[in-house]
Amino acid sequence: MTKSWQTKLVHSDATIPAGYRSLVPAVHRGSTTVFPSSSVASDRWDQHAVGYTYGLYGTPTALELAARIAELEGGGQTLLCPGGQAAIALIELALLGAGDHLLVPASVYFPNRKLATTLLARFGVRTTFYDPLLGAGIEALIEETTCLVWCESPGSITMEVQDLPAIVAAAHARGVPVALDNTWSAGVLLDAFAHGVDLTMQALTKYVGGHSDLLLGSVTVRDPSLYERLGAARQVLGLAVSPDDCSLALRGLQTLAVRLSAIEASALAIARWLSARPEVEAVLHPALASCPGHVYWARDFSGSAGLFSIVLAPGPTKAQVHAFVDALALFHVGYSWAGVTSLAMAYEIGGGRGRPAYGHRIVRLNIGLESTADLIDDLDQAFGALRRPAAPGGG
Ligand SMILES: Cc1ncc(COP(=O)(O)O)c(C=O)c1O
């Protein structure tokens, strides 16, 4: 068939050499997947079973990243989501329905709490927030209608490390699956499936991406029936991921080990230095005895990450705590952690359900890849702001 130039723009006969091999997985962009014939066209989401059907369910770039996460976490299958919070929402929307009861630790990542108290509540799901350190005591909170126990270890901001095996044993005794937000461990410093967890999720935005330039999430499971429920829900929720972001995450994986070990060493040195400072009442770093649940970290984790909190000694006003954070020159003020840049963020924690009322004295630090000595010097000079009278107008 002769083709006009207009048709050649769309249907080209140009050729290139075959056989290119790269060390880098290709970036496959695509919404439409082309089928070899009409009768085999399908819209099934499980491309491992039926072959490629639609970009929404992942191009080879996304499936490669998913397979690598599943391999690292020791799960059977991983589904990717546009962010960590989307991964949380996928699990909760896939597994819960009207009349169900959900257990969530009080130290949970705030948007997860908000999902429970807003959307899930509107859809008829009831949530009980529990003391993250209650361990086997969770048994008493499991009701007839409890359909999921959520864990996050360590917890957001207050960093409580949970007794996962005890929680899993109590939940499984009542037939309830356990999901874990495994973001802090990057999916590699805690073998969640070996501890009996049924579903893990990670914000790949954090350590896997590692450079503060992408948003992605993952949900990993071993049980095929959970995979079915999650995959079907992911399809109807339309949780597409960008192949370009997946490609960046695949690149991030290659340096994850060296970044994590450098960050671990630096964060530990800084946490220990902070522990000896008079301005600091407690360092909530899972690898230090001063962190609630440290014994479970020592028992279950193979290393530590760069995110931890400090509780300042009583005295400074809220304005002085903000002045301390603002006085830091190398630490930026920002939420999304685990990149190469150190961050500091002041919070207000009212307490309750096992969480002490730290008030405005809690500051979360993310340690990046700057020199440890420079970060310590920066903290040292910023502590001066805690003693200076706060600027008028501060809270
Ligand atoms: C523990 C934890 N889980 C989940 C998320 C959500 O990840 P994303 O920002 O990719 O939605 C975050 C983000 O800060 C987090 O800290």
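Which helix gives the largest share of the shell around the ligand? The legends below take up this question in a predicted model.

**Figure 1. The protein chain as a whole.** This predicted model shows a protein chain with twelve helices and eleven strands. The C-alpha trace spans about 85 × 50 × 40 Å along its principal axes. A compact globule of 395 residues would have a radius of gyration near 21 Å, and the protein chain has 23 Å, so the two agree.

**Figure 2. The ligand in its pocket.** The ligand takes up the space of the largest pocket. It is surrounded by 14 residues. Gly 84, Asp 181, Thr 205, Lys 206 and Trp 337 are the closest of these.

**Figure 3. Helix α4 at the ligand.** Helix α4, residues 84-95, answers the opening question: the largest share of the shell around the ligand comes from this helix. Its share is three residues. By residue class, the shell divides into five nonpolar, six polar and three charged residues.

**Figure 4. Polar contacts to ligand oxygen.** Three residues are shown here. Gln 85 uses its backbone: an N or O atom there lies 2.9 Å from an oxygen atom of the ligand. Lys 206 uses its side chain, with an N or O atom 2.9 Å from a ligand oxygen atom. Trp 337 also places a polar side-chain atom 2.9 Å from an oxygen atom of the ligand. How much of the ligand's accessible area does the protein cover? On its own the ligand has 390 Å² of accessible area, and the protein covers 89% of it.

**Figure 5. The loop between β4 and α6.** Strand β4 covers residues 146-152, and helix α6 covers residues 164-173. Pro 154 is in the loop between them. Where is the cis peptide bond? The bond runs from Ser 153 to Pro 154, with omega near -5°. Ile 157 lies in the loop between β4 and α6 as well. Its phi is positive, about 70°, although Ile 157 is not a glycine.

Notes:
Residues are numbered from 1 along each chain as its sequence is written. This is a predicted model: local features need pLDDT of at least 70, side-chain atom pairs count only at pLDDT 80 or more; totals for chains, interfaces and linings use all residues. Side-chain values use heavy atoms; hydrogens and water are left out. A residue is near a molecule or strand if one of its heavy atoms lies within 4 Å of it. A polar contact is a pair of N or O atoms within 3.5 Å; within protein, one must be able to donate a hydrogen and the other to accept it, and residues adjacent in sequence count only if both atoms are side-chain atoms. Accessible areas come from the Shrake-Rupley method with a 1.4 Å probe; for residues, only the protein chains shown count as cover. On a 1 Å grid over the protein atoms alone, a cavity is a set of points where a 1.4 Å probe fits but cannot get out, and a pocket is an open set with protein on both sides within 12 Å along at least five of seven lines; lining residues have an atom within 4 Å of a point. A molecule sits in a cavity or pocket if more than half of its atoms lie within 2 Å of its grid points. Helices (H or I, at least four residues) and strands (E, at least two) are DSSP runs, numbered from the N terminus. Ala, Val, Leu, Ile, Met, Phe, Trp, Tyr, Cys and Pro count as nonpolar, Asp, Glu, Lys and Arg as charged, and the others, Gly among them, as polar. The radius of gyration is taken over C-alpha atoms; the globule rule is 2.2 Å times the number of residues to the power 0.38.
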